[in-house]
Amino acid sequence: MRFFATLLILTSFTVYGALNAQPAFTNATSQLFYQNTSSGAPIGCADMNGDGLDDIVHIYRPTDMVRIQYQQPGQNFVGLEVMGSTSNPWSLALADVNADGLNDIFLGPVANPEVLISTGVPGAYLKTTLSQSVFSQGANFSDIDVDGDLDLFVCHDVGLSTPYRNDGSGNFTYDLSLIAAYTNGDSDNSGNYATIWTDYDNDGDQDMYLSRCRQGAGNPLDPRRINQLFQNDGNGNFTDVAEAAGLMPLAQSWATDFADLDNDGDLDCVILNHDQTSRIYEQTSPGLFTDRTIEVGLNVNPFTPGIQVIIEDFDNDGWQDLVLTGTSGDLFMQNQGDFTFTFHHNDISGGAEPIHTAAVGDLNNDGRLDLIAGRGSGFNGTSSSNPDVLLLNDNINENNFLKIRLEGEHSNRNGVGSRLEVYGDWGVQVREVRAGESYGISHSLTKHFGLGEATEIDSLAVRWPDGDRYVFQGLSVNTTYLIPERPQEIILTSIEAMICEGDTLFAFGQVFTEAGIYQNLPELIEIDTLALVSLHLGLYESSATLLATQICQGEDYLAQDGTVYSLAIEDFTHQSVLTNQNGCDSIIEETITVFPLLNDTMYVDLCPGQGYQTQDGSEILNVQESFVYESLLTDQNGCDRIITEQVTVSPVYQFTLESNICSGEDFMAIDGTLYGQLTESFEHLNVLTTMNGCDSLIEEVVTVQPTFVDTLEVSICQGENYVAQDGTEFPNSTESFTYQSVLTGQNDCDSIVEETVTVLPTFSSELEASICSAQGYVAQDGTEFPAPEESFVYQSILTAQNGCDSVITESVEVVTFYESTEFDTICWKSDYVAPDGTVFEMVHAPFQYISYVVDTNGCFTVITSEVSLYPGPVVGHVLEFACPFTTLVFNDSTSVFVEDRDTTIHVDVLDQNGCLGSLNYDIIVTPFEFIIDETPTSLLYSGVNEVVQWVDCDAGFAPIEGATDFEFFPAANGNYAVILSRGECIDTSDCINFIITSTEEPNWAGGLKIYPNPTNGLLYVEQPASGLETNFSLRVTDLLGREVPVAITTTANQRQRIELPPAAGVYLLKITDDRGRSTVRRIVVR
């Protein structure tokens, strides 16, 4: 790896300031050439014609045509509509993929991905359709194989995502060897929504974070919805480390972005979720992230469901802000530094419809980042009433900026994958060049840095994708720089430098701490001029001195560097850093010892008239009153010592003390004199000496008091408590006793009372009684209980002859008065017996009856009987059809043989309630009538609804195949019968001896056409065109053989037309030819 740098010595930092106000954007859509474009989610910003200005790329949905709006100086745009997608695109990415100096366009439809390749002329493109059908989501251009051209990665919603390798000319080939983003676990590898290519661990290669979301996957452990962080080992081998890095939230994630939010030189992370709160993470150690969602407050400012996450410095204060967009509006999180943010909901659009997608660029070239925003619906829907809007950044402050455009030579033309670091008073700001971010959007390829109020930039470091690193010094604020990848000129030079011992020299992209000669250090003099420098580095030695000082408590101390410590009270140290003649530090370590002030207080007692000498030697004579005196001394440390002397003059005490004692007691005077068993009063004088040696005179007057004795007799009842005269309690006394109470009289001497207590007996008994509910009860002591509702126990307390209680415990049982209702249902005209035994005969109507029943306790029970009747008995007629000569069995097991005539049968029946009724079954017997006519060649049965089968009697009544019509044409002379069946009934006719009497064709009528049958009233009879036509007559009868009048006419084609009667029914049509042969057909009229 090669490093190219300018000389930069880091010595000190100044305070970095910036102005940040609430974001303000102005709707400037009127400046657009196309003002009616609704692009949906995919939208982008990039320089599309090589003039250095950011242009707009979005999609006109009615035709899916790509529209490019070229920024013009003076805040206007000109438009060009180029070829579009074959179907609805979900993603867009912009970059130069064929190195012709113009950016190309990727479109991700729900089909094969498409790339619009520039032909070298602005606005002229050739469309290339790639292999693999993909339900495209997010997409990116990235130099995955680090061969100097941009490859392509497309997220697939319903399958494995698709990487495409670029041959350098914009020809893309599907190639899973670039990276295969399989899920961690068995699945269909779907749910790929957004990717971001980033060097999150700053090891010089591109890693990839994949946001996963799968509709219907409710299990958080479903691999189709577990985000993945593919770490690059530098050789193009990728390993998922999301869990180890702390970036696996187990949520339905829509998009993710990485950026340095706290200017500490590493990239932090924001993940936009749908089923839970979106997350914000800080990279707290290399490659490891800590969730800061709660500290930031994003948990109480939830944003879901989201579509885009955008991180840029919109107020140029040097801190990158967040913009979150979604189906419910937008959220602007203004970065205040130290991971603190101010939240602004739906403020970006300035009161217009909230935005749900956006791309970022400087769209009026004023150094402030603007937005081209979509206001569609759903996740990729559009709204014809809310087209895309141009929002120009109107943050009015004095903050400065720096813009950098890269021009690759060995690397890809846009420098995608490069890392830019800007150093200054703020520390370091980091940006990465990306082509395609978040969910299907593409931001400007010009990298933007807000500088706050800073007017100087220490340096800019650029690390290209191949690892080459250049450092630039002397850049100006509020300027845009175009930086090529390779310098054009190399010169040789040398410099000498000195640093102080312990200082650091940052130069040429390296850190120097030791003296020495360093050869061939590269310095980029200008954008395209490189100097190879020989650095001669020397060290100035630093000095350090120890200084010990003592001061008294409360004094001031002046340190060597001029620092003042006022009224010091305890020991302390101070380091004075001075500058020697070489400009290096001279350090003096000062140790200050603070001696305490040894102040004290003395207490002195004097008798009146005595003299006193103070601690400082002063003499005070004949002291009569107390006083306070301060002696000022000096201790061994030379510090002041103050002794406060409190002198108290004690007076001479003289007073009288009176005392009372009881007769016979001893008395000890204050001076210790003892007087034993006194019976008379006396006086005593005490002469005492106080602690301070002064006299105290006390005269004691002692009075001797007499004592008293008395007798008391008391009677109580057994079990009562007794309280003696001195307050002693005797609970629940059962036996007589004596007690002596010792009391104190008015003179405080003992008064003795001899108490004799007699305990009188008490009496107790029990009584049981029963009463009925609602009756009253009078207890033994006369207490009345009117109509108690439940049993109870009561104690009657009476007074015996000795005045003590006689207790009677009365247990009274209350027998409940019951009242109930019975509901009975009986058969009509049956008897009913009530609960009290009353009998009601032949009941024919519902009624109510109240029974009074006496229970075993002699109390009444009232029962109300509600008597109802089942429905009347079963009586009626039932129509029953029967076959002749069969046996019928009824539900009461009655069986009856039915002959060939109608009859009526009476049957007794029980209904479902067990009540008796009767039914008359009217039996209808329909016998078969065997009316069989003979013609010379056939047998004709005249019937209506029967099923017919002709049999050969001579062949054991064998059925004749096909002989199932009413008319039967025997093939030979013999005996024949017909079997008739109607429903379940069946019967056979007598055998008929039939002899064919004509030699003519027996089935002469078989060719007649009679139609339609059934008919609605018109019937046609037609002879076959066989040359054997004959004249015939027609006759219509009912089933009883009665002729029915009809109208018969002959039509033009010799058909016979019959107009039948309108009444529906079955009729017989008899056809007779001129030879006397006849046939009968059954006709049905509907």
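**Figure 1. Lining of the largest cavity.** Fifteen residues line the largest cavity, and those nearest its centre are F258, I311, Q320, E432 and R434. The view is taken from a predicted model. The space inside the largest cavity amounts to about 140 Å³. Three strands, β21 (253-259), β25 (306-312) and β34 (427-432), each contribute at least two residues to this lining. By class, the lining of the largest cavity consists of eight charged, five nonpolar and two polar residues.

**Figure 2. The second largest cavity, with a volume of about 80 Å³**. Its lining is made up of D54, E312, V360, G361, D362, L369, K403, H443, S444, T446, K447 and H448. Two or more of the residues lining the second largest cavity come from β29 (357-361), and likewise from β36 (447-452). Five residues of this lining are charged, five are polar and two are nonpolar.

**Figure 3. Cavities in the predicted model**. Four cavities of 30 Å³ or more are present in the structure. The largest cavity, of about 140 Å³, and the second largest, of about 80 Å³, are those detailed in the preceding views.

**Figure 4. The largest pocket and its lining residues.** The largest pocket encloses about 410 Å³ of space. Its lining comprises 26 residues, with V146, G204, D205, G234 and P465 lying nearest the centre of the pocket. Ten of the residues lining the largest pocket are polar, nine are charged and seven are nonpolar.

Note on methods
Residues are numbered from 1 along each chain as its sequence is written. This is a predicted model: local features need pLDDT of at least 70, side-chain atom pairs count only at pLDDT 80 or more; totals for chains, interfaces and linings use all residues. Side-chain values use heavy atoms; hydrogens and water are left out. On a 1 Å grid over the protein atoms alone, a cavity is a set of points where a 1.4 Å probe fits but cannot get out, and a pocket is an open set with protein on both sides within 12 Å along at least five of seven lines; lining residues have an atom within 4 Å of a point. Grid points are joined across faces, edges and corners, and a volume is the space filled by probe spheres set on the points. Ala, Val, Leu, Ile, Met, Phe, Trp, Tyr, Cys and Pro count as nonpolar, Asp, Glu, Lys and Arg as charged, and the others, Gly among them, as polar. Helices (H or I, at least four residues) and strands (E, at least two) are DSSP runs, numbered from the N terminus.
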